[in-house]
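This report is a guided reading of one protein chain, written for someone who is meeting such a structure early in their studies. Please keep the sequence and the 3D view at hand while reading.

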Amino acid sequence: MAAGAVEVTAEGEIRAAVQALFDLPVTVAVTRPGRAYPPLLAGEAALIARAQPKRVAEFTAGRHAAREAMQALGHPPAPVLASPDRAPIWPPGLTGSISHCDDWCIAVLARRAEVETLGVDIEDDSPLPADLLTEICLPAEITRLGGADLAAAKRIFCAKEAAYKAQYPATKALFGFDRLEVTLSGDNTTFDARFTQDTEGFSRGDKLPGRIASVAGHLVSGVAIGQIDRKGA
């Protein structure tokens, strides 16, 4: 199979895998950093004016993915700006999440009337570097992994990234990896991210359920907080 066909196949597989992470109504777009894209919209270019070329390519692909997701949702193209802490500022009525690795970028989008917040992450499906194990994983997580299982530890990292992004729009809380404790299911396809401390809007012990998948040499994870979830919390 030609390289271009392989790339198209991988893109479709990633899109389908990310879509399957969510039960709530979301749209998904997948882009590739380094491709030729239309110019950024007003205000977006200023956010990366001094960034390195790699960062510019990732940011551009991410914003293009966001607009593809808007189009799929029936929303006109609109700029996605950023707050001082770099969190995306979505157009009124929308909520979403963007993630990228070296070779892919994904955007997930929903209407705020149906979904409160979203978190998504993509990582290459390689073991976590050994020197990061105790930075990413709590002792209880390492114990459940049976020690230094660095492949499973990478899944915990991917899960925490998605859970953090999902909770942030609701809490505006910045914290480290120790604030969430992840328990993976036996088949490593679902997880619970449990708060280890009280956090604005959440209590110690509250859980954010999520899903994780391996696809096309990558890990993708997703967490969604629905309006019904928060009303019943």
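The sections below go through the sheets, a helix, some aromatic rings, two polar contacts and two backbone angles.

## The model and its three-stranded sheet

The structure is a predicted model, and local features are described here where pLDDT is at least 70. As general background, the strands of a sheet pair through backbone hydrogen bonds, and the pairing can be either parallel or antiparallel.

One open sheet in this model is formed by three strands in the order 1-5-4, and its pairing is antiparallel. Strand 1 (27–31) and strand 4 (94–100) are the edge strands, each of which pairs on one side only. On average, neighbouring strands of this sheet are turned by 15 degrees against each other, when direction is ignored. Strand 1 and strand 5 (residues 105–111) are paired in the antiparallel sense over five bridges, and the bridge partner of T31 in strand 5 is C105.

## The five-stranded sheet and helix 5

Another open sheet has five strands in the order 6-10-9-8-7, again with antiparallel pairing. Strand 6 (115–124) and strand 7 stand at its edges, and because each has a single partner strand, one side of each is left without a neighbour in the sheet. Neighbouring strands here are turned by 25 degrees against each other on average, with direction ignored. Strand 6 and strand 10 run antiparallel and are joined by nine bridges, and along this pairing I122 stands opposite V220 in strand 10. Helix 5 packs on the sheet, where it touches strand 6, strand 7, strand 8, strand 9 (207–215) and strand 10, and the direction of helix 5 makes about 150 degrees with that of strand 6.

Helix 5 (residues 150–171) contains 22 residues, and the distance from its first C-alpha to its last is 30 Å, which is close to the 32 Å expected at 1.5 Å a residue. In general, an α-helix has 3.6 residues a turn, so residues three or four places apart point the same way.

## Aromatic rings at helix 5

How many aromatic pairs does a search of the whole structure find? The search finds four. In one of them, Y164 and F175 form an edge-to-face pair, with 5.2 Å from centre to centre and 85 degrees between the planes. This pair links distant parts of the chain, since Y164 is in helix 5 and F175 is in the loop between helix 5 and strand 7, eleven residues apart.

Y164, Y168 and F175 form one aromatic cluster. With a relative accessibility of 22%, Y164 counts as partly exposed, whereas F175 has a relative accessible area of 16% and is therefore buried.

## Two buried residues with polar contacts

Is H218, which lies in strand 10 (residues 218–226), buried or exposed? H218 is buried, because its relative accessible area is 6% and the cut-off for burial is under 20%. The side chain of H218 makes a polar contact with the side chain of D103, at 2.9 Å. When its neighbours within four places in sequence are left aside, H218 is in contact with several residues, including C101, W104, I122 and A213.

E58, in helix 2 (residues 53–73), also counts as buried, at 6% relative accessibility. Its side chain makes a polar contact with the side chain of H100, at 3.4 Å. Beyond the neighbours within four places in sequence, the residues in contact with E58 are P33, H100, C101, D102 and C105.

## Two residues with positive phi

Most residues other than glycine have a negative phi. K172, however, has a positive phi of about 55 degrees although it is not a glycine. This residue comes just after helix 5, in the loop between helix 5 and strand 7 (180–184). K172 is exposed, because its relative accessible area is 56% and the cut-off for exposed residues is over 50%.

N188 is not a glycine either, and it has a positive phi of about 60 degrees. Where is N188 found? N188 is found in the loop between strand 7 and strand 8 (190–195). With a relative accessible area of 25%, N188 is partly exposed.

Conventions
Residues numbered from 1 in each chain as written. Predicted model: local features only at pLDDT ≥ 70, side-chain atom pairs only at ≥ 80, totals over all residues. Heavy atoms only, no water. Pairing = 2+ DSSP bridges. Helix = DSSP H or I, 4+ residues; strand = E, 2+ residues; numbered from the N terminus. Axes fitted to C-alpha atoms, helices over the stretch in contact; angles between N-to-C directions. Expected span 1.5 Å × (residues − 1). Buried < 20%, exposed > 50% of the residue type's maximum accessible area, 1.4 Å probe, protein only. Contact = heavy atoms within 4.5 Å. Polar contact = N/O pair within 3.5 Å; in protein donor to acceptor, adjacent residues only side chain to side chain. Phe/Tyr/Trp six-rings, centres within 6.5 Å; stacked < 30°, edge-to-face > 60°.
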